[in-house]
Amino acid sequence: MDKQLFTYNGMKKLFSIISVLTIVQCFTIILQAIYLSKIITSMFQGTVWTAVLPYFFMFICFFASRHLLQWLKERLSYHFAEKTAFALQKQLITKLFEIGPNKISKNGTGNMITLALEGIPNFRKYLELFIPRFISMLFSPAIILIYVFLSDTLSGIVLTITMPVMIVFLALLGIAAKKKVDDQMETYRLLSRHFVDSLRGIVTLTYLGRSKSHTKAIATVSNKYRIATNRTLRVAFLSTFSLTFFSSLSVAVLAVELGVRLINGTTGLETALAMLILAPEYFAPVREFGNDFHATMDGKEAGKQINELLNEDSLPEGNETVAIPKWNKESTLTVNQLTKRSNDENRNLLKNIRFEVSGFKKIGIIGASGAGKSTFIDLISGFTIPNESDIKINGITLPHFSVTEWQRQLSYIPQHPYIFSGSIAENICWNKPKATIEEIKNVVNITGLNELINRLPNGLEEKIGQGGRSLSGGEEQRISLARALLTDLPILILDEPTAHLDIETEHEIKQMILPLMENKLVFFATHRLHWIKNMDIIFVINDGKFVEIGTHEELFEKKGHYFHFIGGKIQNEAISEVY
(Lines give C-alpha, C1' and ligand atoms only; values in the text may rest on other atoms or scores of the structure.)
Protein backbone atom coordinates (compact mmCIF):
# COMPACT_ATOMS: atom_id res chain seq x y z
CA MET A 1 0.00 0.00 0.00
CA ASP A 2 1.21 3.49 -0.87
CA LYS A 3 2.14 5.30 2.38
CA GLN A 4 1.51 8.62 0.64
CA LEU A 5 -2.24 7.88 0.60
CA PHE A 6 -2.76 8.80 4.24
CA THR A 7 -1.20 12.23 3.71
CA TYR A 8 -4.11 13.34 1.52
CA ASN A 9 -6.77 15.45 3.17
CA GLY A 10 -9.78 13.35 4.23
CA MET A 11 -8.12 9.98 3.54
CA LYS A 12 -8.26 8.72 7.15
CA LYS A 13 -11.93 9.62 7.43
CA LEU A 14 -12.73 7.93 4.12
CA PHE A 15 -10.76 4.84 5.11
CA SER A 16 -12.73 4.55 8.35
CA ILE A 17 -16.13 5.03 6.66
CA ILE A 18 -15.43 2.54 3.88
CA SER A 19 -14.05 0.05 6.41
CA VAL A 20 -17.30 0.20 8.39
CA LEU A 21 -19.38 -0.10 5.22
CA THR A 22 -17.26 -3.06 4.08
CA ILE A 23 -17.71 -4.89 7.39
CA VAL A 24 -21.47 -4.33 7.23
CA GLN A 25 -21.43 -5.48 3.62
CA CYS A 26 -19.62 -8.70 4.66
CA PHE A 27 -22.47 -9.54 7.04
CA THR A 28 -25.04 -8.90 4.28
CA ILE A 29 -23.08 -11.28 1.99
CA ILE A 30 -23.05 -13.97 4.68
CA LEU A 31 -26.77 -13.50 5.45
CA GLN A 32 -27.52 -13.48 1.72
CA ALA A 33 -25.76 -16.85 1.37
CA ILE A 34 -27.55 -18.27 4.43
CA TYR A 35 -31.02 -17.38 3.17
CA LEU A 36 -30.25 -18.46 -0.39
CA SER A 37 -29.15 -21.88 0.89
CA LYS A 38 -32.33 -22.06 3.00
CA ILE A 39 -34.47 -21.28 -0.04
CA ILE A 40 -32.77 -23.93 -2.21
CA THR A 41 -32.83 -26.55 0.56
CA SER A 42 -36.48 -25.90 1.40
CA MET A 43 -37.54 -26.03 -2.27
CA PHE A 44 -35.50 -29.24 -2.74
CA GLN A 45 -37.25 -30.83 0.23
CA GLY A 46 -40.68 -29.93 -1.18
CA THR A 47 -41.61 -27.20 1.30
CA VAL A 48 -44.70 -25.16 0.35
CA TRP A 49 -43.69 -21.99 -1.48
CA THR A 50 -45.58 -19.78 0.98
CA ALA A 51 -43.33 -21.08 3.75
CA VAL A 52 -40.26 -20.23 1.67
CA LEU A 53 -41.48 -16.72 0.85
CA PRO A 54 -40.11 -15.06 4.06
CA TYR A 55 -36.67 -16.52 3.28
CA PHE A 56 -36.91 -15.17 -0.24
CA PHE A 57 -37.91 -11.72 1.07
CA MET A 58 -34.94 -11.67 3.48
CA PHE A 59 -32.61 -12.76 0.68
CA ILE A 60 -33.84 -9.88 -1.53
CA CYS A 61 -33.33 -7.39 1.33
CA PHE A 62 -29.75 -8.50 2.02
CA PHE A 63 -28.97 -8.74 -1.71
CA ALA A 64 -30.19 -5.16 -2.25
CA SER A 65 -28.38 -3.93 0.88
CA ARG A 66 -25.13 -5.48 -0.31
CA HIS A 67 -25.24 -3.72 -3.66
CA LEU A 68 -26.45 -0.47 -2.10
CA LEU A 69 -23.43 -0.50 0.22
CA GLN A 70 -21.16 -1.25 -2.75
CA TRP A 71 -22.61 1.69 -4.68
CA LEU A 72 -22.15 3.94 -1.65
CA LYS A 73 -18.51 2.89 -1.26
CA GLU A 74 -17.82 3.57 -4.93
CA ARG A 75 -19.50 6.98 -4.80
CA LEU A 76 -17.52 8.00 -1.71
CA SER A 77 -14.29 6.83 -3.35
CA TYR A 78 -15.15 8.62 -6.58
CA HIS A 79 -15.84 11.96 -4.87
CA PHE A 80 -12.69 11.66 -2.76
CA ALA A 81 -10.60 10.77 -5.82
CA GLU A 82 -12.09 13.64 -7.84
CA LYS A 83 -11.47 16.18 -5.07
CA THR A 84 -7.95 14.93 -4.28
CA ALA A 85 -6.89 14.74 -7.93
CA PHE A 86 -8.20 18.27 -8.59
CA ALA A 87 -6.33 19.60 -5.53
CA LEU A 88 -3.17 17.79 -6.61
CA GLN A 89 -3.48 19.23 -10.11
CA LYS A 90 -3.71 22.76 -8.69
CA GLN A 91 -0.64 22.11 -6.52
CA LEU A 92 1.23 20.74 -9.53
CA ILE A 93 0.45 23.75 -11.73
CA THR A 94 1.40 26.12 -8.90
CA LYS A 95 4.63 24.19 -8.37
CA LEU A 96 5.52 24.35 -12.07
CA PHE A 97 5.26 28.15 -11.98
CA GLU A 98 7.20 28.17 -8.71
CA ILE A 99 10.18 26.05 -9.76
CA GLY A 100 10.73 28.00 -12.97
CA PRO A 101 11.70 27.14 -16.53
CA ASN A 102 15.14 25.68 -15.78
CA LYS A 103 13.81 22.98 -13.48
CA ILE A 104 11.02 22.22 -15.96
CA SER A 105 13.60 21.84 -18.72
CA LYS A 106 15.62 19.53 -16.47
CA ASN A 107 12.61 17.28 -15.90
CA GLY A 108 11.57 17.57 -19.54
CA THR A 109 8.72 19.68 -20.90
CA GLY A 110 7.15 16.58 -22.42
CA ASN A 111 7.22 14.85 -19.04
CA MET A 112 5.54 17.80 -17.35
CA ILE A 113 2.83 18.01 -20.03
CA THR A 114 2.18 14.26 -19.77
CA LEU A 115 2.09 14.44 -15.98
CA ALA A 116 -0.38 17.34 -15.93
CA LEU A 117 -2.68 16.17 -18.72
CA GLU A 118 -2.65 12.38 -18.34
CA GLY A 119 -1.02 11.69 -14.98
CA ILE A 120 -3.80 13.40 -13.00
CA PRO A 121 -6.70 11.39 -14.57
CA ASN A 122 -4.69 8.17 -14.07
CA PHE A 123 -4.07 9.14 -10.45
CA ARG A 124 -7.78 9.82 -9.94
CA LYS A 125 -8.65 6.39 -11.32
CA TYR A 126 -6.05 4.83 -9.04
CA LEU A 127 -7.62 6.41 -5.92
CA GLU A 128 -11.14 5.58 -7.07
CA LEU A 129 -10.42 1.86 -7.59
CA PHE A 130 -7.65 1.11 -5.13
CA ILE A 131 -9.21 2.32 -1.88
CA PRO A 132 -12.44 0.23 -1.87
CA ARG A 133 -10.66 -2.80 -3.41
CA PHE A 134 -7.87 -2.75 -0.84
CA ILE A 135 -10.22 -2.35 2.14
CA SER A 136 -12.47 -5.10 0.81
CA MET A 137 -9.48 -7.42 0.43
CA LEU A 138 -8.42 -6.53 3.96
CA PHE A 139 -11.73 -7.33 5.70
CA SER A 140 -14.02 -9.49 3.54
CA PRO A 141 -11.98 -12.73 3.33
CA ALA A 142 -11.19 -12.61 7.06
CA ILE A 143 -14.83 -12.15 8.13
CA ILE A 144 -16.13 -14.78 5.71
CA LEU A 145 -13.40 -17.22 6.80
CA ILE A 146 -14.34 -16.75 10.49
CA TYR A 147 -17.98 -17.59 9.69
CA VAL A 148 -16.97 -20.61 7.59
CA PHE A 149 -14.79 -21.94 10.42
CA LEU A 150 -17.67 -21.52 12.89
CA SER A 151 -20.09 -23.31 10.53
CA ASP A 152 -17.87 -25.98 8.97
CA THR A 153 -14.27 -26.34 10.17
CA LEU A 154 -13.11 -28.57 7.31
CA SER A 155 -14.30 -26.06 4.70
CA GLY A 156 -12.48 -23.32 6.61
CA ILE A 157 -9.26 -25.34 6.48
CA VAL A 158 -9.61 -25.82 2.70
CA LEU A 159 -10.13 -22.08 2.17
CA THR A 160 -7.25 -21.20 4.50
CA ILE A 161 -4.84 -23.43 2.58
CA THR A 162 -5.80 -22.18 -0.89
CA MET A 163 -5.75 -18.44 -0.16
CA PRO A 164 -1.94 -18.12 0.40
CA VAL A 165 -1.35 -19.66 -3.03
CA MET A 166 -3.32 -16.82 -4.62
CA ILE A 167 -1.58 -14.20 -2.48
CA VAL A 168 1.90 -15.47 -3.36
CA PHE A 169 1.06 -15.67 -7.04
CA LEU A 170 -0.43 -12.16 -6.93
CA ALA A 171 2.76 -10.84 -5.30
CA LEU A 172 5.00 -12.51 -7.90
CA LEU A 173 2.94 -11.14 -10.76
CA GLY A 174 2.91 -7.74 -9.07
CA ILE A 175 6.71 -7.65 -9.03
CA ALA A 176 6.84 -8.63 -12.71
CA ALA A 177 4.15 -6.10 -13.59
CA LYS A 178 5.99 -3.31 -11.70
CA LYS A 179 9.07 -3.75 -13.88
CA LYS A 180 6.99 -3.84 -17.07
CA VAL A 181 5.04 -0.73 -16.04
CA ASP A 182 8.29 1.10 -15.23
CA ASP A 183 9.62 0.19 -18.68
CA GLN A 184 6.38 1.33 -20.27
CA MET A 185 6.42 4.65 -18.40
CA GLU A 186 10.03 5.25 -19.44
CA THR A 187 9.21 4.69 -23.11
CA TYR A 188 6.09 6.84 -22.71
CA ARG A 189 8.17 9.68 -21.31
CA LEU A 190 10.57 9.25 -24.22
CA LEU A 191 7.64 9.37 -26.63
CA SER A 192 6.19 12.52 -25.05
CA ARG A 193 9.56 14.31 -25.05
CA HIS A 194 10.18 13.29 -28.64
CA PHE A 195 6.74 14.49 -29.69
CA VAL A 196 7.17 17.92 -28.07
CA ASP A 197 10.67 18.33 -29.54
CA SER A 198 9.42 17.27 -32.98
CA LEU A 199 6.52 19.71 -32.78
CA ARG A 200 8.82 22.58 -31.84
CA GLY A 201 11.42 21.70 -34.45
CA ILE A 202 9.14 20.89 -37.38
CA VAL A 203 9.81 24.25 -39.04
CA THR A 204 13.59 23.75 -38.77
CA LEU A 205 13.29 20.19 -40.09
CA THR A 206 11.21 21.41 -43.02
CA TYR A 207 13.69 24.18 -43.75
CA LEU A 208 16.57 21.68 -43.76
CA GLY A 209 14.60 19.21 -45.89
CA ARG A 210 14.64 16.56 -43.15
CA SER A 211 10.94 16.48 -42.23
CA LYS A 212 10.18 13.29 -44.19
CA SER A 213 13.23 11.42 -42.92
CA HIS A 214 12.24 12.37 -39.37
CA THR A 215 9.20 10.12 -39.70
CA LYS A 216 11.53 7.13 -39.25
CA ALA A 217 12.62 8.46 -35.86
CA ILE A 218 8.98 9.00 -34.85
CA ALA A 219 8.11 5.45 -35.99
CA THR A 220 11.02 4.00 -34.00
CA VAL A 221 10.03 5.76 -30.76
CA SER A 222 6.36 4.87 -31.25
CA ASN A 223 7.24 1.23 -31.89
CA LYS A 224 9.24 1.09 -28.64
CA TYR A 225 6.20 2.31 -26.75
CA ARG A 226 3.96 -0.21 -28.55
CA ILE A 227 6.27 -3.09 -27.60
CA ALA A 228 6.49 -1.95 -23.96
CA THR A 229 2.69 -1.61 -23.77
CA ASN A 230 2.11 -5.08 -25.24
CA ARG A 231 4.54 -6.60 -22.73
CA THR A 232 2.69 -4.92 -19.88
CA LEU A 233 -0.68 -6.13 -21.20
CA ARG A 234 0.72 -9.65 -21.52
CA VAL A 235 1.56 -9.70 -17.80
CA ALA A 236 -1.82 -8.14 -16.92
CA PHE A 237 -3.73 -10.77 -18.93
CA LEU A 238 -1.65 -13.56 -17.41
CA SER A 239 -2.38 -12.22 -13.93
CA THR A 240 -6.13 -12.03 -14.57
CA PHE A 241 -6.20 -15.54 -16.00
CA SER A 242 -4.13 -16.94 -13.12
CA LEU A 243 -6.25 -15.38 -10.40
CA THR A 244 -9.47 -16.56 -12.04
CA PHE A 245 -8.00 -20.03 -12.58
CA PHE A 246 -6.79 -20.47 -9.00
CA SER A 247 -10.00 -19.12 -7.47
CA SER A 248 -12.11 -21.41 -9.68
CA LEU A 249 -9.85 -24.37 -8.87
CA SER A 250 -10.12 -23.61 -5.15
CA VAL A 251 -13.91 -23.46 -5.33
CA ALA A 252 -13.89 -26.74 -7.29
CA VAL A 253 -11.75 -28.43 -4.61
CA LEU A 254 -14.16 -27.22 -1.92
CA ALA A 255 -17.13 -28.41 -3.99
CA VAL A 256 -15.63 -31.90 -4.35
CA GLU A 257 -14.84 -32.04 -0.64
CA LEU A 258 -18.40 -30.97 0.26
CA GLY A 259 -19.90 -33.41 -2.25
CA VAL A 260 -18.00 -36.33 -0.75
CA ARG A 261 -19.18 -35.41 2.73
CA LEU A 262 -22.75 -34.98 1.52
CA ILE A 263 -22.67 -38.49 0.07
CA ASN A 264 -21.22 -39.83 3.32
CA GLY A 265 -23.86 -37.93 5.31
CA THR A 266 -21.30 -36.07 7.44
CA THR A 267 -22.66 -32.64 6.53
CA GLY A 268 -26.03 -31.14 5.76
CA LEU A 269 -27.21 -29.78 2.41
CA GLU A 270 -27.98 -26.32 3.76
CA THR A 271 -24.51 -25.93 5.31
CA ALA A 272 -22.80 -27.28 2.19
CA LEU A 273 -24.71 -24.86 -0.05
CA ALA A 274 -23.87 -21.91 2.22
CA MET A 275 -20.16 -22.81 2.12
CA LEU A 276 -20.25 -23.22 -1.65
CA ILE A 277 -22.02 -19.89 -2.14
CA LEU A 278 -19.55 -18.09 0.15
CA ALA A 279 -16.40 -19.60 -1.44
CA PRO A 280 -16.43 -17.32 -4.56
CA GLU A 281 -17.18 -14.34 -2.31
CA TYR A 282 -14.13 -15.29 -0.23
CA PHE A 283 -11.81 -15.14 -3.25
CA ALA A 284 -13.57 -12.26 -5.09
CA PRO A 285 -11.86 -9.32 -3.25
CA VAL A 286 -8.36 -10.71 -3.97
CA ARG A 287 -9.26 -11.38 -7.61
CA GLU A 288 -10.76 -7.91 -8.10
CA PHE A 289 -7.80 -6.26 -6.39
CA GLY A 290 -5.41 -8.14 -8.67
CA ASN A 291 -7.35 -7.22 -11.79
CA ASP A 292 -7.53 -3.53 -10.89
CA PHE A 293 -3.93 -3.48 -9.67
CA HIS A 294 -2.63 -3.43 -13.25
CA ALA A 295 -5.23 -0.86 -14.32
CA THR A 296 -4.11 1.53 -11.58
CA MET A 297 -0.32 1.10 -11.74
CA ASP A 298 0.06 4.10 -14.08
CA GLY A 299 -1.93 6.24 -11.65
CA LYS A 300 0.14 5.14 -8.67
CA GLU A 301 3.36 5.92 -10.56
CA ALA A 302 1.99 9.31 -11.66
CA GLY A 303 1.05 10.15 -8.06
CA LYS A 304 4.54 9.21 -6.92
CA GLN A 305 6.17 11.46 -9.54
CA ILE A 306 3.85 14.37 -8.76
CA ASN A 307 4.54 14.15 -5.02
CA GLU A 308 8.30 13.96 -5.65
CA LEU A 309 8.00 17.12 -7.72
CA LEU A 310 5.87 18.86 -5.08
CA ASN A 311 8.39 17.97 -2.36
CA GLU A 312 11.26 19.46 -4.33
CA ASP A 313 12.39 22.72 -2.73
CA SER A 314 9.05 23.16 -0.95
CA LEU A 315 8.32 26.62 0.38
CA PRO A 316 8.19 26.99 4.17
CA GLU A 317 4.62 27.64 5.29
CA GLY A 318 3.59 31.21 5.86
CA ASN A 319 6.59 32.82 4.09
CA GLU A 320 4.76 33.52 0.85
CA THR A 321 2.84 36.43 2.40
CA VAL A 322 5.80 38.57 3.55
CA ALA A 323 4.86 42.20 2.84
CA ILE A 324 7.58 44.33 1.24
CA PRO A 325 7.24 47.83 -0.29
CA LYS A 326 7.46 48.42 -4.02
CA TRP A 327 11.04 48.85 -5.20
CA ASN A 328 12.07 52.46 -5.78
CA LYS A 329 15.21 54.60 -5.98
CA GLU A 330 15.54 54.58 -2.17
CA SER A 331 15.14 50.82 -1.73
CA THR A 332 17.98 48.59 -0.54
CA LEU A 333 18.66 44.89 -0.96
CA THR A 334 21.18 43.17 1.30
CA VAL A 335 22.08 39.53 0.75
CA ASN A 336 24.38 37.42 2.94
CA GLN A 337 25.18 33.72 3.15
CA LEU A 338 23.13 32.89 0.05
CA THR A 339 23.88 29.21 -0.58
CA LYS A 340 22.35 26.69 -2.95
CA ARG A 341 23.28 23.03 -2.81
CA SER A 342 22.64 20.29 -5.38
CA ASN A 343 21.77 17.04 -3.65
CA ASP A 344 22.00 15.12 -6.93
CA GLU A 345 25.55 16.29 -7.60
CA ASN A 346 26.49 16.48 -3.90
CA ARG A 347 28.08 19.92 -4.24
CA ASN A 348 27.37 23.61 -3.69
CA LEU A 349 26.13 25.40 -6.81
CA LEU A 350 26.45 28.75 -5.00
CA LYS A 351 28.18 29.30 -1.67
CA ASN A 352 28.03 32.20 0.77
CA ILE A 353 27.01 34.85 -1.80
CA ARG A 354 27.14 38.40 -0.37
CA PHE A 355 26.20 41.70 -1.99
CA GLU A 356 24.27 44.91 -1.41
CA VAL A 357 22.50 47.11 -3.97
CA SER A 358 20.26 50.12 -3.68
CA GLY A 359 17.95 52.06 -5.94
CA PHE A 360 17.87 51.56 -9.70
CA LYS A 361 21.02 49.78 -10.85
CA LYS A 362 22.01 47.67 -13.83
CA ILE A 363 23.88 44.64 -12.54
CA GLY A 364 25.79 42.44 -14.95
CA ILE A 365 26.48 38.85 -13.96
CA ILE A 366 29.32 37.10 -15.79
CA GLY A 367 31.30 33.91 -15.41
CA ALA A 368 32.30 30.78 -17.26
CA SER A 369 29.71 28.14 -18.16
CA GLY A 370 28.78 26.22 -15.02
CA ALA A 371 30.04 28.95 -12.70
CA GLY A 372 26.57 29.51 -11.22
CA LYS A 373 25.01 32.36 -13.22
CA SER A 374 21.76 30.53 -14.00
CA THR A 375 21.48 29.27 -10.42
CA PHE A 376 21.84 32.84 -9.13
CA ILE A 377 19.19 34.05 -11.59
CA ASP A 378 16.87 31.25 -10.46
CA LEU A 379 17.33 32.25 -6.82
CA ILE A 380 16.81 35.96 -7.47
CA SER A 381 13.73 35.20 -9.58
CA GLY A 382 12.30 32.97 -6.86
CA PHE A 383 12.29 29.89 -9.09
CA THR A 384 14.23 27.89 -6.53
CA ILE A 385 14.82 28.01 -2.77
CA PRO A 386 18.27 28.56 -1.20
CA ASN A 387 19.58 26.15 1.40
CA GLU A 388 20.84 29.10 3.44
CA SER A 389 20.12 32.81 3.17
CA ASP A 390 20.04 36.13 4.97
CA ILE A 391 17.99 38.49 2.78
CA LYS A 392 16.77 41.95 3.74
CA ILE A 393 14.81 44.46 1.66
CA ASN A 394 14.59 47.84 3.34
CA GLY A 395 15.41 46.05 6.60
CA ILE A 396 12.59 43.52 6.16
CA THR A 397 13.84 39.93 6.37
CA LEU A 398 12.88 37.54 3.59
CA PRO A 399 13.33 33.77 3.90
CA HIS A 400 13.97 33.54 0.13
CA PHE A 401 13.00 35.30 -3.09
CA SER A 402 9.98 33.05 -3.73
CA VAL A 403 7.85 35.63 -1.95
CA THR A 404 4.73 36.75 -3.77
CA GLU A 405 5.28 40.46 -3.15
CA TRP A 406 8.81 40.25 -4.59
CA GLN A 407 7.82 38.21 -7.64
CA ARG A 408 4.94 40.55 -8.42
CA GLN A 409 7.47 43.36 -8.88
CA LEU A 410 9.72 41.65 -11.42
CA SER A 411 9.74 40.88 -15.13
CA TYR A 412 11.72 37.89 -16.32
CA ILE A 413 13.14 37.61 -19.84
CA PRO A 414 14.73 34.20 -20.44
CA GLN A 415 16.99 33.01 -23.22
CA HIS A 416 14.05 31.22 -24.86
CA PRO A 417 10.81 33.08 -24.02
CA TYR A 418 7.65 31.00 -23.88
CA ILE A 419 5.04 31.74 -26.50
CA PHE A 420 1.57 30.76 -25.36
CA SER A 421 -1.04 29.35 -27.70
CA GLY A 422 -3.10 32.41 -28.55
CA SER A 423 -3.02 35.68 -30.47
CA ILE A 424 -0.09 38.09 -30.55
CA ALA A 425 -2.13 40.54 -28.47
CA GLU A 426 -2.91 37.87 -25.85
CA ASN A 427 0.79 36.95 -25.63
CA ILE A 428 1.86 40.56 -25.18
CA CYS A 429 -0.67 41.34 -22.45
CA TRP A 430 -0.28 37.97 -20.71
CA ASN A 431 0.81 39.63 -17.46
CA LYS A 432 -1.60 42.53 -17.90
CA PRO A 433 -4.79 41.08 -19.39
CA LYS A 434 -6.76 44.32 -19.00
CA ALA A 435 -4.34 46.38 -21.11
CA THR A 436 -5.99 48.67 -23.66
CA ILE A 437 -5.39 48.32 -27.39
CA GLU A 438 -3.57 51.68 -27.33
CA GLU A 439 -1.14 50.38 -24.69
CA ILE A 440 -0.52 47.22 -26.73
CA LYS A 441 0.09 49.19 -29.93
CA ASN A 442 2.47 51.48 -28.09
CA VAL A 443 4.73 48.62 -26.91
CA VAL A 444 4.43 47.00 -30.34
CA ASN A 445 5.79 50.19 -31.89
CA ILE A 446 8.63 50.47 -29.35
CA THR A 447 9.74 46.84 -29.78
CA GLY A 448 9.64 46.95 -33.57
CA LEU A 449 6.86 44.39 -33.98
CA ASN A 450 4.97 46.61 -36.42
CA GLU A 451 6.65 45.11 -39.46
CA LEU A 452 5.68 41.58 -38.38
CA ILE A 453 2.10 42.51 -37.50
CA ASN A 454 1.54 44.49 -40.70
CA ARG A 455 2.40 41.53 -42.91
CA LEU A 456 0.18 39.07 -41.03
CA PRO A 457 -3.41 38.59 -42.29
CA ASN A 458 -4.98 39.03 -38.85
CA GLY A 459 -2.54 41.54 -37.40
CA LEU A 460 -2.54 41.51 -33.60
CA GLU A 461 -5.15 38.74 -33.62
CA GLU A 462 -2.90 36.33 -35.55
CA LYS A 463 -2.61 33.02 -33.70
CA ILE A 464 0.92 32.05 -32.61
CA GLY A 465 2.44 29.41 -30.37
CA GLN A 466 1.29 25.79 -30.42
CA GLY A 467 -1.17 25.28 -33.27
CA GLY A 468 -0.47 28.77 -34.64
CA ARG A 469 2.09 30.59 -36.73
CA SER A 470 5.76 29.95 -35.89
CA LEU A 471 8.02 32.89 -35.07
CA SER A 472 11.77 33.37 -35.35
CA GLY A 473 13.95 33.67 -32.25
CA GLY A 474 14.19 37.43 -32.67
CA GLU A 475 10.42 37.80 -33.06
CA GLU A 476 9.79 35.71 -29.95
CA GLN A 477 12.24 37.85 -28.00
CA ARG A 478 10.44 41.01 -29.16
CA ILE A 479 7.17 39.53 -27.87
CA SER A 480 8.90 38.92 -24.53
CA LEU A 481 10.21 42.50 -24.47
CA ALA A 482 6.75 43.85 -25.27
CA ARG A 483 5.35 41.89 -22.29
CA ALA A 484 7.97 43.34 -19.96
CA LEU A 485 7.47 46.85 -21.32
CA LEU A 486 3.69 46.66 -20.96
CA THR A 487 3.80 45.61 -17.29
CA ASP A 488 6.54 48.21 -16.51
CA LEU A 489 7.62 46.58 -13.26
CA PRO A 490 10.54 48.04 -11.24
CA ILE A 491 12.71 44.88 -11.27
CA LEU A 492 13.97 43.30 -14.49
CA ILE A 493 15.79 39.95 -14.67
CA LEU A 494 17.40 38.80 -17.91
CA ASP A 495 19.02 35.39 -18.38
CA GLU A 496 21.18 35.66 -21.52
CA PRO A 497 18.25 36.94 -23.62
CA THR A 498 20.30 37.27 -26.83
CA ALA A 499 22.55 34.20 -26.53
CA HIS A 500 20.83 32.28 -29.35
CA LEU A 501 20.37 35.22 -31.74
CA ASP A 502 22.53 36.14 -34.69
CA ILE A 503 24.66 39.31 -34.51
CA GLU A 504 22.33 41.55 -36.52
CA THR A 505 19.21 40.53 -34.59
CA GLU A 506 21.04 40.84 -31.28
CA HIS A 507 22.10 44.37 -32.15
CA GLU A 508 18.48 45.32 -32.88
CA ILE A 509 17.22 43.69 -29.68
CA LYS A 510 19.96 45.40 -27.67
CA GLN A 511 18.78 48.84 -28.79
CA MET A 512 15.33 47.98 -27.43
CA ILE A 513 16.50 46.41 -24.16
CA LEU A 514 18.79 49.27 -23.09
CA PRO A 515 15.98 51.88 -22.71
CA LEU A 516 13.90 49.22 -20.96
CA MET A 517 16.56 49.01 -18.24
CA GLU A 518 16.29 52.63 -17.20
CA ASN A 519 14.81 53.39 -13.76
CA LYS A 520 14.81 49.73 -12.80
CA LEU A 521 16.79 47.28 -10.72
CA VAL A 522 18.25 45.00 -13.37
CA PHE A 523 20.02 41.65 -13.02
CA PHE A 524 21.54 40.69 -16.38
CA ALA A 525 23.35 37.35 -16.82
CA THR A 526 25.34 37.22 -20.06
CA HIS A 527 28.30 35.76 -21.92
CA ARG A 528 28.35 38.62 -24.42
CA LEU A 529 31.02 41.14 -23.40
CA HIS A 530 29.54 44.04 -25.35
CA TRP A 531 26.79 44.31 -22.70
CA ILE A 532 29.30 44.84 -19.90
CA LYS A 533 30.02 48.53 -20.54
CA ASN A 534 26.30 49.27 -20.08
CA MET A 535 26.22 47.82 -16.56
CA ASP A 536 26.55 49.93 -13.40
CA ILE A 537 27.90 47.02 -11.33
CA ILE A 538 29.42 43.70 -12.39
CA PHE A 539 29.21 40.49 -10.36
CA VAL A 540 31.92 38.01 -11.36
CA ILE A 541 31.04 34.40 -10.49
CA ASN A 542 33.62 31.66 -10.34
CA ASP A 543 33.01 28.16 -8.96
CA GLY A 544 29.78 29.24 -7.23
CA LYS A 545 31.26 32.30 -5.49
CA PHE A 546 31.28 36.05 -6.13
CA VAL A 547 35.00 36.57 -6.59
CA GLU A 548 34.75 40.22 -7.66
CA ILE A 549 32.19 43.03 -7.54
CA GLY A 550 32.65 46.46 -9.07
CA THR A 551 32.34 48.64 -12.16
CA HIS A 552 33.93 47.69 -15.46
CA GLU A 553 36.72 50.22 -15.02
CA GLU A 554 37.48 49.15 -11.44
CA LEU A 555 37.63 45.46 -12.26
CA PHE A 556 39.63 45.97 -15.44
CA GLU A 557 42.27 48.01 -13.60
CA LYS A 558 42.39 45.41 -10.83
CA LYS A 559 43.54 42.80 -13.36
CA GLY A 560 41.95 39.93 -11.40
CA HIS A 561 39.36 37.35 -12.36
CA TYR A 562 37.39 39.78 -14.50
CA PHE A 563 40.46 40.87 -16.46
CA HIS A 564 41.47 37.27 -17.14
CA PHE A 565 37.91 36.26 -17.96
CA ILE A 566 37.63 38.74 -20.82
CA GLY A 567 41.04 37.67 -22.08
CA GLY A 568 43.27 40.45 -20.80
CA LYS A 569 43.78 41.62 -24.38
CA ILE A 570 40.55 43.50 -24.92
CA GLN A 571 41.20 47.19 -24.34
CA ASN A 572 38.78 49.27 -22.33
CA GLU A 573 37.96 51.45 -25.31
CA ALA A 574 37.53 48.45 -27.60
CA ILE A 575 34.72 47.03 -25.47
CA SER A 576 32.85 50.31 -25.54
CA GLU A 577 33.18 50.47 -29.30
CA VAL A 578 31.57 47.05 -29.94
CA TYR A 579 28.33 47.88 -31.77
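UniProt annotations may be inferred rather than shown by experiment, and their positions are given here in the numbering used for this chain. With that in mind, the UniProt record, an unreviewed entry, places the feature "transmembrane region" at residues 14-36, 48-69, 130-150, 156-177 and 235-256. The model itself is predicted.

**Overall make-up**

The protein has 579 residues, and 48% of them count as buried. Its secondary structure comes to 16 helices and twelve strands. About 29,000 Å² is exposed, with carbon and sulfur atoms supplying 59% of that area. Take the contacts between residues at least 6 apart in sequence: 76% of them join residues at least 24 apart.

**Two annotated spans**

Two of the spans that UniProt lists as "transmembrane region" are set out here.

| Span | Helix | Strand | End C-alpha to end C-alpha |
|---|---|---|---|
| Residues 14-36 | 100% | 0% | 32 Å |
| Residues 130-150 | 100% | 0% | 31 Å |

**Met163 and its surroundings**

Another span from the record is 156-177. Met163 sits in helix α4, which covers residues 153-207. Is Met163 buried or exposed? Its relative accessibility is 10%, and the cut-off for buried is under 20%, so Met163 counts as buried.

Which residues does Met163 touch, leaving aside its neighbours within four places in sequence? The contacts are Pro141, Tyr282, Phe283 and Val286. Pro141 is 22 residues from Met163 in sequence, and their C-alpha atoms are 9.1 Å apart.

**The six-stranded sheet**

Six strands form an open sheet with mixed pairing, in the order β6-β9-β10-β3-β11-β12. The edges are β6 (410-413) and β12 (545-550), each of which pairs on one side only. On average, neighbouring strands of this sheet are turned by 15° against each other, direction ignored.

Helix α12 (residues 473-487) packs on the sheet. The helix touches β6 and β9 (491-495), and its direction makes about 175° with that of β6.

Within the sheet, strand β3 (residues 362-366) and strand β11 (residues 537-542) run parallel. How many bridges join β3 to β11? There are four. At the residue level, Ile365 has Phe539 in β11 as its bridge partner.

Notes:
Residues are numbered from 1 along each chain as its sequence is written. This is a predicted model: local features need pLDDT of at least 70, side-chain atom pairs count only at pLDDT 80 or more; totals for chains, interfaces and linings use all residues. Side-chain values use heavy atoms; hydrogens and water are left out. Helices (H or I, at least four residues) and strands (E, at least two) are DSSP runs, numbered from the N terminus. Buried means under 20% relative accessible area, exposed over 50%, partly exposed in between (1.4 Å probe, protein chains only). Contact means heavy atoms within 4.5 Å. Accessible areas come from the Shrake-Rupley method with a 1.4 Å probe; for residues, only the protein chains shown count as cover. Two strands pair if DSSP finds at least two bridges between them. Axes are lines fitted to C-alpha atoms, for helices over the stretch in contact, and angles run from 0 to 180 degrees between N-to-C directions.
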